[in-house]
There are 2 protein chains.
Amino acid sequence: MKQVRLSPLELRIMEALWTHGASSVREIQETLPEKGRHAYTTVQTMVTRLEGKAAVRKAKKIGNAHIYEAAISRGVAQRRLVDDLLGFFGGRAAPLMSHLIESGQLTLDDIEEARKALKKSGK
Amino acid sequence: MKQVRLSPLELRIMEALWTHGASSVREIQETLPEKGRHAYTTVQTMVTRLEGKAAVRKAKKIGNAHIYEAAISRGVAQRRLVDDLLGFFGGRAAPLMSHLIESGQLTLDDIEEARKALKKSGK
DNA sequence: TAGTATCTCCTACATATGTCGGAGTGAGTC
DNA sequence: GACTCACTCCGACATATGTAGGAGATACTA
């Protein structure tokens, strides 16, 4: 099972599929923020490349339009991103946490949640 | 102050400089793992590009060799990575934490540390 | 059925990243 | 001073990513 690496724009396409479910290229394109929206064909190229990477697949066809669906889960993709990042931190989560704290994105609630989750999950 | 985006290999070059201090291209190259080591000129190209991005600078010259030093800190670079990743998680740290837990990289000690750090820092 | 809207498919190109060879230059050595 | 070795500088090329136009196929519509 090959772990695909997705580019930023590819991830945004996937995000659209994960959030809105199977969609046509047009629907995906319209999901993207208006500000600096990508051309229809740009989105299409990305979808086709994602299909080549087996990250999406054709689900069905409506009229002459293909409807695509995600072939990998959001969790798997996110997991891959985290693992990659962790690599730059020498595999240790602590320094990563420090940065989360510095950037003010981590709340005490988050930490409490994490603690509970960790306690529950196995040891 | 422009936030530079560093590629994976560029980050490994920076890592060498952060860890070993100012170095020549040769020294940086020899720092990289033997397994699949990059050619001298490949490293040099990266260093030159990093210089163009103002991430490293020439510190001095020994013989005819330039000695380079990091011009941005490891912390700043790591922070950038974390911020980028956070973007894919909608800016929320919680899901990121979940993945850390799943991948078994987060220990209760890490969490305790984080809690203390968070309490101390500001609010 | 003729026209129009929409979609796919193919192609092309710019920039970023990774890869590196070869020419030229400078430094130390005999 | 002539050699040799290491280093720099320049150029080249492959793949990945982002961008998009245009030709042709298809489907809806009057």
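This passage describes a predicted model of two protein chains, A and B, with two DNA strands, C and D.

Chain A contains six helices and three strands. Read from the N terminus, its elements follow the order α-β-α-α-β-β-α-α-α. The radius of gyration of chain A is 18 Å, whereas the globule rule gives 14 Å for 123 residues; the former is well over the latter, so chain A is more spread out than a compact globule. Along the principal axes, the C-alpha atoms of chain A fill a box of roughly 50 × 35 × 25 Å.

Within chain A, helix H1 (residues 8-20) packs with helix H3 (residues 40-52) at an angle of about 90 degrees, and the two axes are 10 Å apart. H1(A) is therefore roughly perpendicular to H3(A). On the H1(A) side, the contact is made by Leu9(A), Glu10(A) and Ile13(A). On the H3(A) side, the residues met are Val43(A), Met46(A), Val47(A), Arg49(A) and Leu50(A). By class, the residues of this contact are six nonpolar and two charged, with no polar residue.

The two protein chains are related by a simple operation. A turn of 180 degrees with a shift of 0.1 Å along the axis lays chain B on chain A with an RMSD of 0.2 Å. This is the relation of a two-fold axis. In chain B, the C-alpha nearest the axis belongs to Ile111(B), at 3.2 Å from it.

Chains A and B also touch one another. In this interface, 32 residues of chain B are in contact with 33 residues of chain A. The side of chain B that touches chain A draws at least two residues from each of helix H4 (74-88), helix H5 (93-102) and helix H6 (108-120) of chain B. Of the elements of chain B, H5(B) gives the most to this side, with ten residues. The side of chain B that touches chain A has 19 nonpolar, seven polar and six charged residues. Of the interface residues of chain B, 100% are also interface residues in chain A, so the copies meet through the same surface.

The DNA strands are considered next. DNA strand C is surrounded by 21 residues, and the closest are Ser7(B), Leu9(B), Ala39(B), Thr41(B) and Thr45(B). Both chains supply elements with two or more residues in the surface near DNA strand C: helix H2 (25-31), H3 and strand E3 (65-70) of chain A, and helix H1 (8-20) and helix H3 (40-52) of chain B. The residues of this surface are five nonpolar, 13 polar and three charged.

DNA strand D is surrounded by 22 residues, and the closest are Ser7(A), Leu9(A), Thr41(A), Asn64(A) and Ala65(B). Here the elements that give two or more residues are H1 and H3 of chain A, together with helix H2 (25-31), H3 and strand E2 (65-70) of chain B. H3(A) provides the largest share of the surface near DNA strand D, with four residues. The surface near DNA strand D consists of six nonpolar, 13 polar and three charged residues.

Notes. Residues numbered from 1 in each chain as written. Chains lettered and ligands numbered in written order. Predicted model: local features only at pLDDT ≥ 70, side-chain atom pairs only at ≥ 80, totals over all residues. Axes fitted to C-alpha atoms, helices over the stretch in contact; angles between N-to-C directions. Parallel < 35°, antiparallel > 145°, perpendicular 65-115°, else oblique. Contact = placed C-beta atoms within 7 Å. Nonpolar A, V, L, I, M, F, W, Y, C, P; charged D, E, K, R; others polar. Least-squares fit on C-alpha atoms with pLDDT ≥ 70 in both. Near = placed C-beta within 6 Å. Rg over C-alpha atoms; globule rule 2.2 N^0.38 Å.
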